[in-house]
Amino acid sequence: FFQMLVSSKLHSHLSTTVRARPSTSSIASRRAIRMPNFASNVGGGGEVIEKTRKKMGYKNNWSRGYVDESKQHVWQRPLPQSARVAIIGGGLSGLTCARELALLGIRSVVFDTGKNSVGGRCATRTNKDKSLPSKSAPSLPEGAAFDHAAQFFTVSDLRFRALVDAWLADGVVKPWEGPVGFLGSGGEFKSLKEVSPKCPTPYVATNGMRMLAVHMEQQLLRQHGGLVEVRRPCWVSQMVADQNRGWQLQGERKDQGTFDAVVIAHNGKCANRLVGPTGAPLVAKQLMGLRLSAIWAVMVAFKQPVNAGFEGAFIQGNEVLSWAGNNTKKMGLQQGATECWTLLSHNAYGQKNKVPQEAIPEEVARKVANDALVAFAEALRLPGPEALPPVVFVRCQLWGAALPLNSPGVECILDARSRVGVAGDWVSGSSLEAAAVSGIALAHRLAALRGVPVPQDEGSNHDIGLRNTFHSLGGESSSHEIGGFPGLEMPSAGTRQQQQQQQ
């Protein structure tokens, strides 16, 4: 994705010169720009979004192709004992699936598009590596980091608990002991325990959420190197069934090999395009039934600490933001007085301000950064954004296909006839726990196919999730705009406009 970068010395919040990171499609954007003065019309400036959409020929919709159920592929031979599985997606579900398959003696190759690492929603940008090059952020102290997707997680499932206990023993995750909770529309803060007395322990990755995924990858290769391979960056663009060989995968303009089964561990338009034309129409239909939110992540560094009174908070009644998190405190970063914060929008704002995420224009990024900082000051009940400490760095990233809005309510999806399955948080919820459990469950489903005659008709005991009806996740008590947190009871919340409508 193209992200907007603001990284000059900001001595004032007003009329500040910054530089924009060049778009992959336009070197012309490599020039000095002017940040607009902060304005109080949060969420305004819609003409900038409409102008951008019109210029780029973009429509904020999601077309889903027709799927022909008669194109079902059925393998003639059972899954061999020496099966080889392709896992497309190196997020938490894909990595846990590979781990569980290895424990069951099954080989797998994980394909991931990440240039810096695997991870999916376990995403962190830091100037310790190429994810946030120091040259592009000279104002940031060494070791600055931002979790800009998943913020924390909770545990309720015993299978996930076993993983988390091992991560705790390895020192890669830790309980989040700082003040975490809910920030009301009146500026009052309540901890998680105050709102949800039975709330389980919140956990975070010790050095950023991406480091958890990196640890998992390294552990897989170290402990199961003979059974697991990770290929990245690699974009799988095509999968074709060859009755005599298996699923043939193409990616990065070359043959990626032949596999006995395929796990789709990602979602959205790319997954739809990949699976739609293949011989797994029922799997394709379920993938196309998914609806996803759009969320803007604004990574901002302040010159001095923000007097917020919390380290992480679900923001209620705000027109722009649903979450604010202090990465410096959460990770225990040693970087002087500078504080690195992540501000996440809610879906309504994300959809209203959604543009092609591959090439976000400067004016859109400026608008989003402005809106987020104004909204953050408002949430803290400050007189205005100029009351915040000076900003030394801002970067905006659009997650155009962020989190599931609906779910079929199963642990995984598997078509035993085509041997194509799906693992991911969305099949049962929107939490990191759901992602991990999905990968584990699908691995066992695939292992159970070894040596078993291939079902000739739909509805065998090995199929799962192919016809399940989707339900909305909006009404679930543990779901929030930034994901699901099993065991955490969420209070009803909405934007100020929604609250006024209810009144």
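This note covers the overall make-up of the protein and one of its sheets.

1. The model is predicted: local features need pLDDT of at least 70, side-chain atom pairs count only at pLDDT 80 or more, and totals for chains, interfaces and linings use all residues. Residues are numbered from 1 along each chain as its sequence is written, and side-chain values use heavy atoms, leaving out hydrogens and water.

2. The protein has 12 helices and 27 strands (DSSP runs numbered from the N terminus: helices are H or I, at least four residues; strands are E, at least two). Of its 503 residues, 59% are buried (under 20% relative accessible area, 1.4 Å probe, protein chains only).

3. Take contacts (heavy atoms within 4.5 Å) between residues at least 6 apart in sequence: 72% of them join residues at least 24 apart.

4. One open sheet has 6 strands, in the order β12-β5-β4-β16-β24-β23, with mixed pairing (a pair needs at least two DSSP bridges). β12 (228-231) and β23 (413-415) stand at the edges with a single partner strand each, so one side of each lacks a neighbour in the sheet. Neighbouring strands are turned by 15 degrees against each other on average, direction ignored (axes are lines fitted to C-alpha atoms, for helices over the stretch in contact; angles run from 0 to 180 degrees between N-to-C directions).

5. β5 (residues 107-111) runs parallel to β12, joined by 4 bridges. Val110 has Val230 in β12 as its bridge partner.

6. Two helices pack on this sheet. Helix α2 (residues 92-103) touches β4 (84-88), β5, β12 and β16 (261-264), at about 165 degrees to β4. Helix α11 (residues 432-447) touches β4, β16, β23 and β24 (420-422), at about 20 degrees to β23.

Notes:
Buried < 20%, exposed > 50% of the residue type's maximum accessible area, 1.4 Å probe, protein only.
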